[in-house]
Every structure is written in structure tokens, then in C-alpha cells.
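User: I have a structure open and would like to go through it with you. Could we start with what the database record says?

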Amino acid sequence: MLNVRSALLHKKPEAKTVTKLTCLAAILLSSTGIAQAADGLSIESWRSDDANIWSDVIIPAFNKSHPDTKVNFAPTPPTEYNSALQAKLKAGSAGDLITCRPFDTALDLYKDGYLANLNDLEGLKQFSDVAKSAWVTDDGKDQFCMPVASVLHGFVYNKEIFEELNLSIPKTRDEFFSTLETIKTESRYIPLAMGTADQWEAATMGFQNIGPNYWKGEKGRKALLTGEAKLTDKAYVDTWKELSEWKPYLGRGFEAQKYSDSQNLFTLGRAAIYPAGSWDIQTFNNQADFEFGAFPPPVAKSGDTCYISDHTDMGIGINANSTNKEAAKVFLNWMASKEFATLYANAVPGFFPLSNHQIDIKDPVAQEFMSWRQQCESTIRNSYQILSRGTPNLENQLWNVSAQVINGTMTPEAAAKETQDGLEQWYKPQQ
Amino acid sequence: MTPSNQHDEKKPFPWHLVFFLGPGLLIYVVFSVYPLLDTLVLSLYNEQQGQSNFVGLQNFITLITDDTWSQAFWNALGNNFKFFAIHMLVQNPIGLLLAVLLSTPKLRLSGTYRTLIFMPTMLSVVIIGFVWQLLLSPIWGISEDFLYNIGLGQYFDAWLGKEGSALITLAFISVWQFVGIPMMLIYATLLNIPDDIVDASVVDGANSFQTFWHIKLPLILPTIAMVSILTFVANFNAFELIYAVKGALAGPNFSTDLMGTFFYRTFFGFQLQQGSASMGAAVATLMFLIILVGVMLFLFFIQRRIQRFQF
């Protein structure tokens, strides 16, 4: 009878199988976790793409100076990372080092007691406050993850098209728009490769890319947090105004153009300028057979201080229940060193180390992006810290309204009003 | 119940029923009934910082009266009704038409047509979404050239990206994919109609339209009713196509947001939006209630009036 029943059980479709697989996966994950914890250090991460870089480059380099500590990089795919990590932490089987998502996801882990306090970590001195802001408690007192990498925003351009049309790199907004106009009138190239179908491009590559120049980077971002500034202020409305002016320079049917379409338009040489995130460098290196360069978001008039979005994307912390905390601290301090920063920046162009070291990056475009940190003031995306905690969610609203402003279905003023109204509904300092 | 007792009664306890129904029932209860009830219970709680408190119907009141939630909710519900209406007005009539055409005895290669029309139904929604996005893409797509070739070029637009047309376009894609199901069901019923009834109508002097209208249609009405129910339930649970093509934010400006995507954002969260299990359960409960009410209305007012015929 038992046999019959189990045979029946096996035959039951989806729901059953999924649960079984989940159980199986949970068992496997937890058992590997335990096995790793037993010898040396184990790192939890979502960067499964970088697994080779860690095992072939970074860990051997660490072992040169610290031959006694075995390190194991144990990534989980990005979409499963948050839930898998949560489960492992609850079960007590997570690795010693935990790669931290920025802001609330990591903050919740710290509040639940899963991440150790890092206030006395020597290596933290190598990082600026902006870099550390993604992994600090709201009152700014406790640091729970050390910054690892950030992504920068700017514009990537096709050098061949620029040469063909005798264009120079635009420094100011007027130059930027006259460049776009020249490309539009004198060639068949698409001036700006961006679409609004996925919405996030409008917010991330548009609003957060050019915005810091309007709201003066950190100053404006902090003012929003304290309630001194409102999203209906001139700085924000003007950002959306500029976005609305992008519309004539986007490709035909940009409303249905997706992120991959934009990337393809650029790498196929059909578009001249691409509002970029630095992570695009890797894709473009692989796919574009022409030379491309990058320029930071143009400022109002030449000589103005420029501001760039230098968004903290990845940190690393210590599992509060780790049995090997001392070794973990040694490893973190090493990750704060110049050696790690150089290795990492060159292995993964487009992800930039956040420490204050001067490092050499070999990739020319990544180098260009990196150099803006010297000329410009860094800030992070303004919706990420605290402001996206409530309902309605500010980040989601920014996606929606920015896409609509570019589509021309919403005025910049209406976009400002909608987001500000949303914020006022739940955020005390803005009420 | 001892063996000696069993002997006295008229019928012994039907243990074989337990044996055969038990495993299925157990699985059904554990993986379907229990989660459903648990969802209903969860929707009455409020979870904050890992603590859950009983709040009664508060989640539902928030969902329907609070502006931030209700706007999204009514928008999703309205879109869902549009989505359903398009399926009822386009998918099922076309399905019926195709079934009637396929069942014409003179039609050659009907097996081939049947397979071809049913093919998209078997493909993954993700593939369908991807293929149609490419076909309709203003950058790489062939639909623009196609329209120019038949002289309608000026009507081409980025349909999937415009607020006014995105939902309708998606509904048509979904219709294209699933039209095979009503076709197959109706086709099977049509084949079941005995030839002598049809022959009798022909002898009585009915033309083919009259035969269809007066003889065949009444006989397949129960199937059409069942198809409508299936469409209703499937449409109000629809999620994959929207998610595959437009993402969970269902743009532009939430014009393609259905109950499914709204539930997804609420329950699992999205980007920086943290998911809320209890609020998500409330949305899921409302979805369940809407489907339940719809099916009940249908059963009471339509299904009861339909006569079934036995051949």
C-alpha cells in the first residue's frame, strides 16, 4: 500500500513537485552551508556571474598574504538571493561573510540580529560617508556592512559617429541639446538610445542620471530626507523638464523600446548617444565593434560643479552568528585595501570600488567613468534611502512618472505633484 | 467498527473508496484547500516587523477606501474586465467560427489546421510574449512593413508602449494564443452531434445557416457556457503575459495592470517596495471572491437555463 501511495504522490503535478524541489533545495543549501562553515570562511553573494573571478583572482591574491585562511565564494542566483539568504540565516547555516544589498534589505537583516556591528572595523576608514550611507542605521550610528562596489551613471557615445559628424563632447546642457539636434538633422542615426517600455530606464538612466546636477547631489538628497526640500521644487521639476525635451531625439516608437533594444541600437551603431549605467560597459565591450567613450551628465553652464550618481550597489558584512568572526574581520580589512580595489575594478569593469584609494583601471571607458569621481561630487539615487519605505512607493512612482514625462503623457509639474503627494502621505518630515 | 459488526449491516464500510480517494483528497486538501483557507485567514492579519496582529477586515477597508491602494485596485479590476470583455467578444466567437469551419465535412487538411491553430496554446507564455514583442517592435518588427505593403502603413504605432493601446494589444496576443481552447472544445461537441438530426433538418428544407442556428447552436450552448466560465476564471487569474511583456509595474502608467500583477507587487514587493504578505493575501482573497461571485452568478442565471441533451 505504501508503494502505491508514494507512486501516486510522485505522479501529482506541479504544486507537489515544486514543494518537493524547494525542500530538496533547502536541504542541499543548508547542508552545503554547514560544510562550508566548518573550514575557513564562506561568502554569501548574488554575483554568480563573478564566481570565476573570485575563485581564480581574488581569493588566490588574498591567500598570498594570508595563506592559512581558506575562503569559499558561494553565490546564489540574484533573483533567489534575498529569500535564500533569509532562510539560511534563520536556519543558522549561512556563510561567515554576507554580501549586502543596499539600504532596507540589509538594514532589516541587521535589525533582526543577523549582521554583526562593524563600527570598530579598521578597514571602514578607507570609505567616505556617502559610500557608507547605504549600510548604516537611520540615525547614522551603526555600520553593519562595508561598501564594496558602486555603479556610475553618465552617457556613452559612439566615437565613430561623433567623428563623422565633427561633434565634440558636450559639456553643458545647451551643447548637449545642440549635439542631439545636429545628429538628428544631419544624419540618420538615432541621437539618444533610450526607450520607456521598461520604465526603469526613464527613472534610472534619465531622472537619476541628470538629476543630481539640478538638486546639487547629496545636499538635495539630504534636504529631501529632512523635509527641507520638496519634489515640487524647481530642481526636480526642471529635471523632468529636461527629460521631456529628450523625446524628439529618441528613436521612433521609443514607447515600446525595451532596455535590450536600446543596448542593441547602440551596439549596432544605429544610435549615437546612450544614457548609461557603468555596468553596460561589459556588454558594450563584448558587442560593439566600434570605439566608444563616455561623458558625465552635462551641467547648466561651463564651470559649474558637476554631480554624478555614484550609486552604492554592493556591500559586505559579517554573519552575527559566525564562528569565525576574527578571520572574517581580517578578510574585510583586506577587502578595504588598495590591492583588492585594483583587482576588483579590473576584473569587473563597470563596478567601481568605493574605497578612497587611487587605483589604475585598464579599461578606458571604465577609467573615464572613474575619473569623474575626482572632478565631480558623488551622490546616490535619492529614492533609495528611507524614501521608498512607504506606500505609495517612491521608486515605483519615479519609474512611472519619468516614463510618462518622456512619453509626453504627463507634464513635469504633474509628475512633481504626484510624487510629492505620494511622499506626503506617509513620510513625516515631508508632511 | 469491528469485523463482526460489519457483517450485521447491509453494506460493509467502503474501505476501497478511502483507499482510492484518500491520496488524491489528501493532496487536494494539503496543497489547495489548506493554502486557500490560510490565505483567507492571513488577509485578516497585519504584519509589521515580524509581528502579526489580528485586524479583522482592516486590510480590505484599506484596499477599497484608501486612495493609495484603491486607485490601483480599481484600475486593475477595470483593466481586468476589459481584458475579459475582449476575450469574450473576440476569442470565443472566433473559436466558435473556427470550430464550425473545421467540422465542415468538405474541408480538406482539417487535421493540419486544427494542430496549427492549437499550437500557440501549447507554447510558453514567455515565448509568446517575446515573439509578439519582436513582431510588433517599431525597431526590428515586421508588422510595420507588413502594414505598408497592404497600404495601412500610416496606422502603425508602438502599440505595446502607448497607454491607450497596450492593454488591447496584450489582450489580442492572449486571444491569439488561447483561441485554440474554445475551438477544440466546441469542435469536439460539434462532432458529437448525431448526423441524423442534421440530416432531418436538411430534409425539412433548412439551409446550412438555419441548420447551424436552429440545430447545432442550441446543442453546443452548454459547451459555450463552459468556455465562458473557463475564460472568466483564466482572465481573472491572468498574470504571466503581462509580467513577461510589461514587467510587474505593468506600464505605461499601469494601463496594463491586472489583478494578477497587482497581487504580485503587493505580495512579493517590487524593486524597493517591500512585499506585504497580509495585504497580498487580502488582494488574493478579493480575486478569489470576484471569481467566486462571477461563477455563482453564472451558475444561477445561465447554467440552470441551459438544457443539456443526451444522445
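Analyst: For residues 77-298 of chain B, UniProt lists the feature "domain: ABC transmembrane type-1", and the entry is unreviewed. Please bear in mind that this is a predicted model.

User: What is that span made of, and how far apart are its end C-alpha atoms?

Analyst: Residues 77-298 of chain B are 73% helix and 2% strand. The C-alpha atoms at the two ends are 19 Å apart.

User: And how many helices and strands for chain B as a whole?

Analyst: Chain B has 14 helices and four strands.

User: What about its radius of gyration, set against a compact globule?

Analyst: The radius of gyration of chain B is 25 Å, whereas a compact globule of 311 residues would come near 19 Å. The C-alpha trace of chain B extends over about 80 × 75 × 30 Å along its principal axes.

User: What share of the residues in chain B is buried?

Analyst: Of the 311 residues in chain B, 30% are buried. As for contacts in chain B with a separation of 6 or more, 63% join residues 24 or more positions apart.

User: Let us take one residue. Where is Tyr187(B), and is it buried or exposed?

Analyst: Tyr187(B) sits in helix α9 of chain B, residues 180-192. Tyr187(B) counts as buried because 25 other C-beta atoms lie within 10 Å, and the cut-off is 20 or more.

User: Which residues does Tyr187(B) touch, leaving out those up to four places away in sequence?

Analyst: Those are Ala99(B), Leu102(B) and Ser103(B). In addition, the C-alpha atoms of Tyr187(B) and Gly95(B) are 8.9 Å apart, although 92 residues separate the two along the chain.

User: Changing topic: how many residues does each chain bring to the contact between A and B?

Analyst: Chain A contributes 34 residues and chain B contributes 23 residues. On the side of chain A that touches chain B, α1 (2-11), α2 (14-38), α12 (259-267) and α17 (394-407) each supply at least two residues. The largest share there, seven residues, is from α17(A).

User: And that side of chain A by residue class?

Analyst: The side of chain A that touches chain B has 15 polar, 10 nonpolar and nine charged residues.

User: Last one: which domains are assigned in chain A?

Analyst: Domain 1 covers 42-86 + 95-150 + 312-366, and domain 2 covers 151-310 + 381-430. In the contact between them, domain 1 of chain A supplies 15 residues and domain 2 of chain A supplies 16 residues. The domain 1 side comprises eight nonpolar, three polar and four charged residues. The C-alpha centres of the two domains of chain A are 29 Å apart.

Notes:
Residues numbered from 1 in each chain as written. Chains lettered and ligands numbered in written order. Predicted model: local features only at pLDDT ≥ 70, side-chain atom pairs only at ≥ 80, totals over all residues. Domains from an automatic or database assignment. Contact = placed C-beta atoms within 7 Å. Nonpolar A, V, L, I, M, F, W, Y, C, P; charged D, E, K, R; others polar. Rg over C-alpha atoms; globule rule 2.2 N^0.38 Å. Buried ≥ 20, exposed ≤ 12 C-beta atoms within 10 Å, placed from the backbone. UniProt positions renumbered as here; feature names shortened; annotations may be inferred.
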